[in-house]
Amino acid sequence: MPIHRYIWLPLLMAALACHQPRETHRAFYHWKQRYEPAPGESQALQKLGVTRLYVKCFDIDRQADNAVPVAITDLRAPFPDSALVIPVVFIMNEVWQRQDSSWTTEIARRTAELLEQVCRNIPQERIPEIQLDCDWTRSTREPYFAFLRAIRREPFFQNRLLSATIRLHQVKYSAGSGVPPVDKGLLMCYNMGDLRKPGDHNSIIDLNTLRAYTGKDRISTYPLPLDFALPLFEWDVLFRKGQYAGLTRNMPLQNEQVFRPAGEFSYTVVKDTAIGGVRLHPGDVVRHEDSPPDVLKKAARQLSDQRQPGEPTIIFYHLEPGILKKYDLHELETIYRLFG
């Protein structure tokens with residue numbers, strides 16, 4: 001064999017290695033208060049190769065001077081045999097405005113006890129991880145992080161990974177926000193803009209905002225391994241006299257007798273009417289926000305360029321029959337593959 005073939009062989013092998021798909025885990029969030037899968041949900045998850053379900057079990061809110069569990073999920077059906085189950089607890093940031101060590105330790109104990117009760121019918125070997133979801137701030141960082149350290153010591157959390165949700169601003173400003181004392185983070189790549197701010201924009205997902213927060217290497221250099229969550233939801237944002245007036249859904253924005261296009265995402269109300277129990281007046285503005293597949297694909301490419309070594313979990317938010325009907329499974333498959 002000519003010597004130049006020996007020279008090119010290692011380069012060829014290196015090039016082929018670069019094109020080997022990287023492993024990921026596929027997941028969905030379940031964020032409804034009742035787990036009772038509709039027909040077709042389990043089949044869709046199976047076709048997509050989803051192996052993990054992140055299930056919100058309850059919220060913790062602050063009422064008066066106490067932390068109270070609310071919206072406890074009713075688990076009415078068994079989970080698919082093919083999926084691991086990751087319980088999630090959502091914690092309002094206001095809970096941490098009371099700052100003392102006994103407070104955080106007590107909340108950790110009560111949270112762990114209730115979570116164990118909610119998950120009592122799930123085979124324990126199918127719960128490899130527990131996730132805590134809180135949009136902490138600089139002022140609440142210390143009590144929240146103390147809570148995380150305390151809850152790791154609870155029996156139900158032993159021998160399980162502990163993960164925490166990470167917002168984009170907490171990645172960009174990690175020096176001030178701090179890095180939570182957990183095993184890994186889940187980067188929430190949605191709700192990027194100011195929902196309540198008037199204007200013609202999409203606060204759910206925006207590629208320029210994503211790029212501005214993650215930069216060229218903020219994900220790859222973040223001190224925790226990061227999973228990724230992308231949105232599969234939409235809503236309509238109502239503004240009246242330039243002020244946020246609430247969220248609505250399923251507005252018939254193509255009805256020219258009621259709505260007139262006012263931008264890429266916005267529509268102006270031209271007729272006094274009521275739709276779905278929502279009263280609309282001339283001059284009101286409805287901004288439609290969604291998660292288009294083409295934008296999700298571009299976001300996936302941006303994120304994949306910075307993904308860390310390992311096998312991250314890619315999570316869609318969230319599992320709901322109406323949402324699944326709006327997305328072709330082939331498109332979701334493509335987005336999953338873009339992280340490979």
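# Exercises on a predicted structure

A search of this whole predicted model finds 20 aromatic pairs. Let us start with two of them.

## Exercise 1: Two aromatic pairs

Task: Classify the ring pairs Y29 with W31 and F239 with Y244, and describe how well their residues are covered.

Solution:

- Step 1. Take Y29 and W31: the ring centres are 5.4 Å apart and the planes make an angle of 90°. Planes over 60 degrees apart count as edge-to-face, and that is the label for Y29 and W31.
- Step 2. Look at the surroundings of Y29. This residue is buried, because its relative accessible area is 2% and buried means under 20%.
- Step 3. Now take F239 and Y244. Their ring centres lie 6.3 Å apart with the planes at 75°, so this pair is edge-to-face.
- Step 4. Check the accessibility of each partner. F239 has a relative accessible area of 5% and is buried, whereas Y244, at 23%, is partly exposed.

## Exercise 2: A cluster and two charges

Task: Which residues form one aromatic cluster with Y29 and W31, and over which rings do K56 and R160 lie?

Solution:

- Step 1. List the cluster: Y29 and W31 are joined by Y54, Y190, F233, W235 and Y317.
- Step 2. Find K56. Its charged end sits over the ring of W31, at 5.8 Å from the ring centre.
- Step 3. Find R160. This residue lies over the face of F156, 4.6 Å from the centre of the ring.

## Exercise 3: Two nonpolar cores

Task: Which residues touch the most other members of the largest nonpolar core, and which helix gives the most to it?

Solution:

- Step 1. The largest nonpolar core has 92 residues, and those touching the most other members are F28, I91, Y144 and F147.
- Step 2. Helix 3, residues 101-118, gives the most to this core, with seven residues.
- Step 3. Zoom in on I91. Not counting residues up to four places away in sequence, I91 touches I60, W96, L132, D133, C134, Y144 and F147.
- Step 4. Another core lies apart from the largest one; it has ten residues, among them L253, Y267, V269 and I275.
- Step 5. Here is a general idea to keep in mind: in soluble globular proteins, nonpolar side chains tend to be buried together.

## Exercise 4: Two buried polar residues

Task: Where does T165 lie, where does E289 lie, and which polar contacts do the side chains of T165 and E289 make?

Solution:

- Step 1. Place T165 in strand 8, residues 161-166. T165 is buried, because its relative accessible area is 0%.
- Step 2. Follow the side chain of T165. A polar contact of 2.7 Å joins it to the side chain of D133, and it also reaches the backbone nitrogen of C134 at 3.4 Å.
- Step 3. Leave aside neighbours within four places in sequence. The residues in contact with T165 then include Y29, Q131, W136, Q170, L186 and M188.
- Step 4. Place E289 in strand 17, residues 285-289. E289 counts as buried, at 0% relative accessibility.
- Step 5. Follow the side chain of E289. Polar contacts link it to the side chain of S203 at 2.6 Å and to the side chain of W235 at 2.9 Å.
- Step 6. Leaving aside neighbours within four places in sequence, E289 is in contact with residues including L195, H201, I204 and V237.

## Exercise 5: Along a helix

Task: What length does helix 8 reach, which of its residues are buried, and what do they pack against?

Solution:

- Step 1. Helix 8, residues 293-306, has 14 residues.
- Step 2. From its first C-alpha to its last, helix 8 reaches 20 Å, close to the 20 Å expected at 1.5 Å a residue.
- Step 3. The buried residues of helix 8 are V295, L296, A299, A300, Q302, L303, S304 and Q306.
- Step 4. These buried residues pack against strand 9 (184-188), helix 7 (207-214), strand 10 (226-231) and helix 10 (329-337).

## Exercise 6: Sequence and space

Task: How far from R279 is R337 along the chain and in space, and is R279 buried or partly exposed?

Solution:

- Step 1. R279 belongs to strand 16, residues 278-280.
- Step 2. R279 and R337 are 58 residues apart along the chain, and their C-alpha atoms are separated by 43 Å.
- Step 3. With a relative accessible area of 46%, R279 is partly exposed.
- Step 4. Not counting residues up to four places away in sequence, R279 touches R240, D272, T273, A274 and D284.

Notes:
Residues are numbered from 1 along each chain as its sequence is written. This is a predicted model: local features need pLDDT of at least 70, side-chain atom pairs count only at pLDDT 80 or more; totals for chains, interfaces and linings use all residues. Side-chain values use heavy atoms; hydrogens and water are left out. Helices (H or I, at least four residues) and strands (E, at least two) are DSSP runs, numbered from the N terminus. Buried means under 20% relative accessible area, exposed over 50%, partly exposed in between (1.4 Å probe, protein chains only). A polar contact is a pair of N or O atoms within 3.5 Å; within protein, one must be able to donate a hydrogen and the other to accept it, and residues adjacent in sequence count only if both atoms are side-chain atoms. Contact means heavy atoms within 4.5 Å. A nonpolar core is a set of buried Ala, Val, Leu, Ile, Met, Phe, Trp, Tyr and Cys residues joined through side-chain atoms within 4.5 Å. Rings of Phe, Tyr and Trp (its six-membered ring) pair if their centres lie within 6.5 Å; planes under 30 degrees apart count as stacked, over 60 as edge-to-face and the rest as tilted. A charge sits over a ring if NZ of Lys or CZ of Arg is within 6 Å of the ring centre and within 35 degrees of the ring normal. The expected span of a helix is 1.5 Å times one less than its number of residues.
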